[in-house]
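Student: I have just opened this structure and would like to understand the words used to describe it. Could we go through them together?

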Amino acid sequence: MLSTHSIGPRLGIDFGTTNSSIASARGDGTVELVSFPTAAAATESFRSVLYLEQHKHSGRTQIKGFTGPQAIEHYLHAEHKGRLVQSLKSYLTSRTLTGTEVFGRRYTIEDLISRILTDLRLSAERQFGHPVRQATVGRPVRFVGADSVEDDDFAVQRLRQAFIHAGFESVEFEMEPIAAAYAYESTLDHNELILIGDFGGGTSDFSLLHVGLGVRARGRTAKDLLGNSGLGLAGDSFDARIVRKLVSPALGSDSFERSYAHAPDRPASIIPAAPAWIYANLERWHYLSFLKTRNVAEILKSARARAQEPEKIEALINLIEEDLGYQLHQAVQRLKVDLSNHETAKFRFRDGSMDLVATVERAEFEGWIAEDLESIERCVDTLLATSNISTREVDRVFLTGGTSFVPAVRRIFESRFTSSRVRTGNEFTSVARGLALRAEEAYAKGY
């Protein structure tokens with residue numbers, strides 16, 4: 001039975017594009033992370049996915065939903081696949097995509113996100129034995145798709161509503177890189193001027209601030225935070241480059257319709273077999289599952305009939321109909337991890353009608369993401385310039401998030417600050433840890 005005492009004021013929740021985590025401050029400067037059971041072993045990182053499947057019982061149709069590790073397990077074991085939805089956080093700035101239809105039922109984006117947040121809340125309640133109604137929640141400096149402060153505010157408003165739908169009564173937001181700074185600060189016995197780089201699935205965020213034992217002792221002031229910056233690209237953008245270069249061509253992105261011309265001097269058809277927007281959506285994890293519609297099915301059926309390479313369109317149809325976005329995501333992730341550890345790696349993806357194997361050089365991959373790397377560099381340099389801080393004045397750079405493992409990303413910081421000043425740690429849980437410590441500090445001050 002749950003106690004009536006709520007631990008909410010000291011709870012931090014990092015709801016991420018790819019992974020989520022929860023931490024609770026204990027009151028002595030340490031935190032406890034929520035552990036989520038899986039078939040293999042417990043994990044402190046909860047996949048931000050939702051799986052919906054249809055069941056018929058006694059003549060009635062029911063829709064069951066699963067989240068996190070359970071969602072993946074049910075999806076992988078299902079003979080007839082339902083709908084696995086990924087990267088929902090990336091939709092929050094969209095004013096046009098308000099929801100989707102699944103098995104004939106309409107869901108808003110807030111509904112889908114709240115289903116994940118509800119299970120996160122219940123997991124925290126089971127572990128801590130107390131109701132969870134309040135939390136300090138992370139947010140990126142710049143949401144995916146945001147072009148203005150108004151877009152970011154709109155995303156925060158939608159995220160807040162999703163938390164309310166999930167049973168939370170009070171939600172305070174904190175910038176994710178600042179939360180990561182709290183986690184790093186907890187390891188210090190002195191003061192430092194630090195640059196935080198928080199790389200999620202959808203966003204890259206940076207904060208420049210003073211932290212340390214002396215800062216906590218005297219009390220923080222507005223002057224301690226020198227600046228924030230961010231952009232709506234990170235790991236998912238790198239994934240998109242891999243899909244574009246390796247996967248989409250095997251699914252017909254470079255294929256054309258058959259030419260019915262009989263005259264030998266008439267040029268061959270240059271009409272694409274399938275619309276380009278389908279392949280653009282294939283590159284985005286949050287759009288991929290929404291390609292499974294009657295309209296797309298009809299478009300691709302017609303494209304297959306006209307295509308010079310119908311087997312490629314057939315492979316695309318199979319990927320969408322079988323909802324194989326998770327398998328594709330895993331294949332892309334494996335390649336990124338392997339390329340972070342080796343100069344050469346193999347990409348493997350099998351979807352029943354296609355067995356794709358390709359050797360990729362790290363330098364080749366870095367060429368694919370060069371434009372994204374330049375955007376990250378500009379963002380960091382602009383933050384330093386607007387804060388009037390030179391690279392020499394920064395004592396430490398703390399990088400967190402999965403994309404911080406990519407060697408080309410690390411080089412951006414090592415080339416500016418030297419490798420001895422660049423640190424990493426708790427790449428998937430540091431934001432949740434910091435949010436809990438931030439919540440504890442606010443609780444102690446009575447606000």
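Tutor: Gladly! This is a predicted model, and a good place to begin is Gln-54, which sits in strand 5, residues 50-57.

Student: Why is Gln-54 called partly exposed?

Tutor: Its relative accessible area is 41%. Buried means under 20% and exposed means over 50%, so Gln-54, at 41%, falls in between and counts as partly exposed.

Student: What does Gln-54 touch, leaving out residues up to four places away in sequence?

Tutor: Gln-54 touches Thr-61, Gln-62 and Phe-103. A contact needs heavy atoms within 4.5 Å. For a sense of distance, take Thr-221: Gln-54 and Thr-221 are 167 residues apart in sequence, and their C-alpha atoms are 53 Å apart in space.

Student: How do you know that strand 5 and strand 6 pair, and in which sense do they run?

Tutor: Pairing asks for at least two bridges. Strand 5 is joined to strand 6, residues 60-67, by eight bridges, so the two count as paired, and they run antiparallel. Within this pair, Glu-53 stands opposite Lys-64. The two strands form a hairpin with two residues between them, and Ser-58 in the turn has a positive phi of about 55 degrees.

Student: What makes strand 8 and strand 9 a pair?

Tutor: The same cut-off of at least two bridges applies. Strand 8 (residues 99-102) and strand 9 (residues 105-108) have four bridges, so they pair, in the antiparallel sense. Gly-99 stands opposite Thr-108 there, and the two strands form a hairpin with two residues between them.

Student: What is notable about phi in Phe-103?

Tutor: Phe-103 lies in the loop between strand 8 and strand 9. Its phi is near 55 degrees, a positive value in a residue other than glycine.

Student: Why does Phe-103 count as partly exposed?

Tutor: The relative accessible area of Phe-103 is 32%. That value lies between the limits of 20% and 50%, so partly exposed is the right term.

Student: Which label fits Thr-418: buried, exposed or partly exposed?

Tutor: Thr-418 has 39% relative accessibility, so by the limits of 20% and 50% it is partly exposed. Thr-418 lies in the loop between helix 14 (407-417) and strand 18 (422-424). Although Thr-418 is not a glycine, its phi is positive, at about 75 degrees.

Student: What makes helix 4 mostly covered?

Tutor: Helix 4 spans residues 176-185, and 10 of its 10 residues are buried. Each of these residues is therefore under 20% relative accessible area. Among them are Pro-177, Ile-178, Tyr-182 and Tyr-184.

Student: Now the whole protein: how do you know that its radius of gyration agrees with that of a compact globule?

Tutor: For 447 residues, a compact globule would have a radius of gyration near 22 Å, and the protein has 23 Å, so the two agree. Along its principal axes, the C-alpha trace spans about 85 × 60 × 40 Å.

Student: How many helices and strands are there, and what share of the residues is buried?

Tutor: The protein has 15 helices and 18 strands, and 55% of its 447 residues count as buried. Among contacts between residues at least 6 apart in sequence, 69% join residues at least 24 apart.

Student: What about the surface and the charges?

Tutor: The protein exposes about 20,200 Å², with carbon and sulfur atoms supplying 49% of that area. There are 53 positive and 58 negative charges, and their mean positions are 3 Å apart.

Definitions and conventions: Residues numbered from 1 in each chain as written. Predicted model: local features only at pLDDT ≥ 70, side-chain atom pairs only at ≥ 80, totals over all residues. Heavy atoms only, no water. Rg over C-alpha atoms; globule rule 2.2 N^0.38 Å. Buried < 20%, exposed > 50% of the residue type's maximum accessible area, 1.4 Å probe, protein only. Areas by Shrake-Rupley, 256 points an atom, 1.4 Å probe, with all protein chains shown as cover. Lys, Arg positive; Asp, Glu negative; His and termini not counted. Charge placed at Lys NZ, Arg CZ, Asp CG, Glu CD.
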